[in-house]
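Let's take a friendly walk through this fold, from its sheet to its cores and a few unusual backbone spots. Please have a look at the model first.

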Amino acid sequence: GDTRRRGRRKILVLHGNRQTGELLVGRMKSLKRKLLKPRVYDNDDDKASSRNENHDIDLVAIDAPFVWQSDATVDNDHNNGNDERLQHQRQEEDQEQDNFLLRSWWHRDGNEYTGLEDSFSAIHDLWIATNSNHTNDGNNVVDDNNNDNNFEGILGFSQGARLTHLIALLHKASHGKLFSGLRYVIISSGYGDVPLPINFPPKG
C-alpha cells in the first residue's frame, strides 16, 4: 500500500490550576505516542490492500498568564508567634520556588473568574498567529485537507477543561469566527454542571 504523509497538525493543550503546560504534557507521553502512530485503513474495494497514513500531531502546551495563588487565608494572629506558625512559615518558604512557576488561568472570586478575559485574549492571539501564518498564501480560504501546522483542536485538563468549554461556547456563538478552524475539543476532569462565570462572555 501507499504511505501518505500529511502536514503536522496541532492540538492546543490547556493545563489545570497550579500547573504548567510542560508539567501536563510530561504526563501525557502515552497519548503522544498514540497520536504519532501510523494508522492503517482497509480499502473496501480491495480487502487485500491498505494504505498507511502518518498523522503527525503536535501537542502545543502554553502556560497560563497568572502565577498561582493559594486560596488559604493568611493567619494574622500576632500572639507571640508559636512554633506551629513558624514551622508553617518555613514550609511555605520551602515551597515558594516551586510555586513561583505554577500558573493559573484566572483567580476565582465567587462566580467571577478574575483574569478570564486576559486568558481568552492570549490564547486567541496565539491561535490567530499560528493559523494565519500557514493559511495566508494569497487567499483566505482554509483547506481542511491541507492545513499544515495549524491548530485544529483544544485539549483541556481541569481548569483548562473549563476554559476549553468556554472557548467552544464562544466559537459556536460567533458562528466560527472566533477560534476559526477549531474542529474539536477534548475535555478531561472538567468542572461538571456548574453556572457560567458572571464575567462570561467577555466584553468586546
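A residue counts as exposed when its relative accessible area is over 50%, as buried when that area is under 20%, and as partly exposed in between. His175 has a relative accessibility of 75%, so this residue is exposed. Bear in mind that the model is a predicted one.

**The sheet**

Let's begin with the strands. An open sheet is built from four of them, ordered β5-β2-β10-β11, and their pairing is parallel. At the edges are β5 (57-62) and β11 (184-188), each of which pairs on one side only. From one strand to the next, the twist averages 20°. Strand β10 (residues 151-157) runs parallel to β11 and is joined to β11 by five bridges. In this pairing, Gly153 has Tyr184 of β11 opposite. Helix α5 (residues 159-173) packs on the sheet, where the helix touches β2 (9-14), β10 and β11. The directions of α5 and β10 make an angle of about 140°.

**The cores**

Which residues touch the most other members of the largest nonpolar core? They are Leu14, Ile123 and Leu163, in a core of 20 residues. Two or more residues each come from β2, α4 (116-135), β10 and α5. Beyond its neighbours within four places in sequence, Ile123 contacts Leu12, Leu14, Ile62, Trp105, Leu163, Ile167 and Phe179. Another core lies apart from this one; it has nine residues, including Ile11, Val25, Met28 and Leu35.

**A buried histidine**

Is His15 buried or exposed? With 0% relative accessibility, His15 is buried. This histidine sits in the loop between β2 and α1 (21-26). Setting aside residues up to four places away in sequence, its contacts include Ile62, Asp63, Arg103, Trp105, Phe157 and Gln159.

**Unusual backbone spots**

Most residues other than glycine have a negative phi, and most peptide bonds are trans. Two residues that are not glycine have a positive phi here, and the table puts them side by side.

| Residue | Phi | Place | Relative accessibility |
|---|---|---|---|
| His175 | near 55° | loop between α5 and β11 | 75%, exposed |
| Ser189 | about 55° | segment after β11 | 48%, partly exposed |

The peptide bond between Phe200 and Pro201 is cis, with omega about 0°. Pro201 is found in the segment after β11, and Ser189 has its place in that segment too.

Note on methods: Residues numbered from 1 in each chain as written. Predicted model: local features only at pLDDT ≥ 70, side-chain atom pairs only at ≥ 80, totals over all residues. Heavy atoms only, no water. Pairing = 2+ DSSP bridges. Helix = DSSP H or I, 4+ residues; strand = E, 2+ residues; numbered from the N terminus. Axes fitted to C-alpha atoms, helices over the stretch in contact; angles between N-to-C directions. Contact = heavy atoms within 4.5 Å. Core = buried A, V, L, I, M, F, W, Y, C linked by side-chain atoms within 4.5 Å. Buried < 20%, exposed > 50% of the residue type's maximum accessible area, 1.4 Å probe, protein only.
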